[in-house]
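Student: I have a structure open on my screen and would like to learn how to read it. Could you take me through it step by step?

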Amino acid sequence: MVQVVKTIAGLRPLRSKLREQKAKVTLVPTMGALHAGHLSLVQQAKKISDYVLVSIFVNPTQFGPDEDFQDYPRDLNRDLSLLEESGVGLVFIPEVAEIYPAGFQTYVAVEELSQKLCVISRPSHFRGVTTVVLKLFNIVQPESAAFGQKDAQQVVIIRRMLKDLNLDVELITCPIVREPDGLALSSRNRYLNEAERKAAIILYQCLQWAKQRVEQGEACSEGILQGIKGSIEREPLARLDYAEIVDAENLSGKALVEKNSLLALAVFIGKTRLIDNMVL
Ligand code: AMP
């Protein structure tokens with residue numbers, strides 16, 4: 001049976017017991033509405049550790065005032081049965097007040113890296129992400145934590161935070177899990193209606209087209225990005241938020257595509273903003 005813990009105090013004795021047993025704990029932080037992408041993190045975590053702890057917390061501080069915090073899909077019973085089937089030992093499901101009690105006012109921000117890519121439409125998003133991830137690291141004290149490459153900027157930022165704050169947590173990154181037609185799995189895909197769902201494959205089509213161009217010898221980022229902008233303009237349900245080619249390690253812009261260049265995309269499909277990326 002998967003064990004559910006809702007409080008930090010409730011987690012403490014379990015954490016001590018696991019430490020006594022010298023069990024290697026991997027944390028998988030999620031916002032719930034789980035799908036095969038989340039479960040791939042769990043599977044990877046199981047391979048490298050003795051005990052997998054999944055957190056489910058829709059973190060208000062990473063949502064902007066006009067974003068979907070209230071509407072974000074919540075499906076706890078389904079999540080718990082998926083985690084049970086996946087053999088997860090413990091799920092931490094705190095209330096907002098448990099993580100942000102009255103008077104809370106301490107945030108951590110990875111400054112420069114948070115000012116790139118997604119900053120254009122989510123200016124305080126990563127400050128919320130790093131704050132909650134650091135809190136979860138302090139609460140759970142895992143030996144390692146698993147994150148998806150789907151959120152490539154998040155991975156780069158968390159890696160930087162671990163280094164800058166001397167945190168002793170090993171970062172595990174897992175490849176993007178996709179639908180058969182290439183759409184990256186996301187809890188927000190649930191927002192798409194039938195026509196939007198069809199249009200949403202434009203993200204993967206653009207990534208693939210770009211990869212092909214690079215394989216054919218195209219090295220100019222601008223040419224590739226112009227091609228992508230054109231394709232997205234031609235899709236009536238899509239609106240480009242950003243398309244950038246950056247260094248996968250430090251997110252700085254690349255005029256020429258080189259080894260380890262990352263193409264990162266954010267596209268609105270109707271009202272739903274989707275992100276995707278590929279190393280070219
Ligand atoms: P979320 O619940 O959206 O905050 O995601 C929790 C974790 O799952 C993050 O580390 C994400 O990068 C990861 N994740 C979400 N979607 C995918 C996917 N399609 N493939 C791989 N990992 C994913």
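Tutor: Gladly! We begin with a cut-off: a residue counts as exposed when its relative accessible area is over 50%, as buried when that area is under 20%, and as partly exposed in between. Keep in mind that this is a predicted model.

Student: Let me try that on Lys22. Is Lys22 buried or exposed?

Tutor: Lys22 has a relative accessibility of 73%, over the 50% cut-off, so it counts as exposed. You will find Lys22 in the loop between helix H1 (8-20) and strand S2 (25-30). Its backbone is worth a look too: Lys22 is not a glycine, yet its phi is positive, about 55°.

Student: Which class does Gln141 belong to?

Tutor: Gln141 is partly exposed, because its relative accessible area of 42% falls between the two cut-offs. Gln141 is also a non-glycine residue with a positive phi, about 50°. Its place is the loop between H5 and S5.

Student: What does Arg15 touch, apart from its neighbours in sequence?

Tutor: For contacts, we look for heavy atoms within 4.5 Å. Leaving aside residues within four places in sequence, Arg15 is in contact with Val25, Val140, Gln141, Pro142 and Glu143. So the Gln141 we just met is one of the partners of Arg15. Arg15 itself belongs to helix H1, and with 7% relative accessibility it counts as buried.

Student: Now a helix. Why does the length of H6 make sense?

Tutor: Count 1.5 Å a residue, using one less than the number of residues. Helix H6 has 13 residues, 152-164, so it should span 18 Å, and its end C-alpha atoms are indeed 18 Å apart. Just after H6 comes Asn166, with a positive phi near 50°.

Student: Which parts of the structure does H6 pack against?

Tutor: Its buried residues pack against helix H5 (125-140) and against four strands: S5 (144-148), S6 (170-174), S8 (261-269) and S9 (272-279). Those buried residues include Ala152, Val155, Ile158 and Leu162. Gln154 is another buried residue of H6, with a relative accessible area of 16%. Not counting residues up to four places away in sequence, Gln154 touches Phe126, Val129 and Phe147.

Student: How do I look for empty space?

Tutor: Rolling a probe the size of a water molecule over the atoms shows where empty space is left. In this model, one cavity of 30 Å³ or more is counted. The largest cavity holds about 40 Å³ of space.

Student: What lines the largest cavity?

Tutor: Its lining is made up of Lys150, Leu183, Ala184, Ser186, Asn189, Leu203, Leu274, Ile275 and Asp276. By class, five of these are nonpolar, two are polar and two are charged. Strand S9 gives the largest share, three residues.

Student: Ser186 is in that list. Where is Ser186, and what does it touch?

Tutor: Ser186 sits in the loop between S6 and helix H7 (194-199). With a relative accessibility of 17%, Ser186 counts as buried. Beyond residues up to four places away in sequence, Ser186 touches His35 and Lys150; Lys150 also lines the largest cavity. You can also compare places along the chain with places in space: Ser186 and Tyr72 are 114 residues apart along the chain, and 12 Å separate their C-alpha atoms.

Student: What about a pocket, say the second largest one? How much volume does it have?

Tutor: The second largest pocket has a volume of about 290 Å³. It is lined by 17 residues, and the closest to its centre are Ile56, Arg74, Leu76, Ile93 and Pro94. The lining divides into eleven nonpolar residues, one polar residue and five charged residues.

Student: Let us step back to the whole chain. Which domains does it have?

Tutor: The domain assignment gives domain 1 (3-174) and domain 2 (187-274). The contact between them takes 23 residues from domain 1 and 16 residues from domain 2. Taken over C-alpha atoms, the centres of domain 1 and domain 2 are 27 Å apart.

Student: One last try. Is Glu215 buried or exposed?

Tutor: Glu215 is exposed, with a relative accessible area of 62%. Glu215 lies in helix H8 (residues 202-215).

Notes:
Residues are numbered from 1 along each chain as its sequence is written. This is a predicted model: local features need pLDDT of at least 70, side-chain atom pairs count only at pLDDT 80 or more; totals for chains, interfaces and linings use all residues. Side-chain values use heavy atoms; hydrogens and water are left out. Helices (H or I, at least four residues) and strands (E, at least two) are DSSP runs, numbered from the N terminus. Buried means under 20% relative accessible area, exposed over 50%, partly exposed in between (1.4 Å probe, protein chains only). On a 1 Å grid over the protein atoms alone, a cavity is a set of points where a 1.4 Å probe fits but cannot get out, and a pocket is an open set with protein on both sides within 12 Å along at least five of seven lines; lining residues have an atom within 4 Å of a point. Grid points are joined across faces, edges and corners, and a volume is the space filled by probe spheres set on the points. Ala, Val, Leu, Ile, Met, Phe, Trp, Tyr, Cys and Pro count as nonpolar, Asp, Glu, Lys and Arg as charged, and the others, Gly among them, as polar. Domain bounds come from an automatic or database domain assignment.
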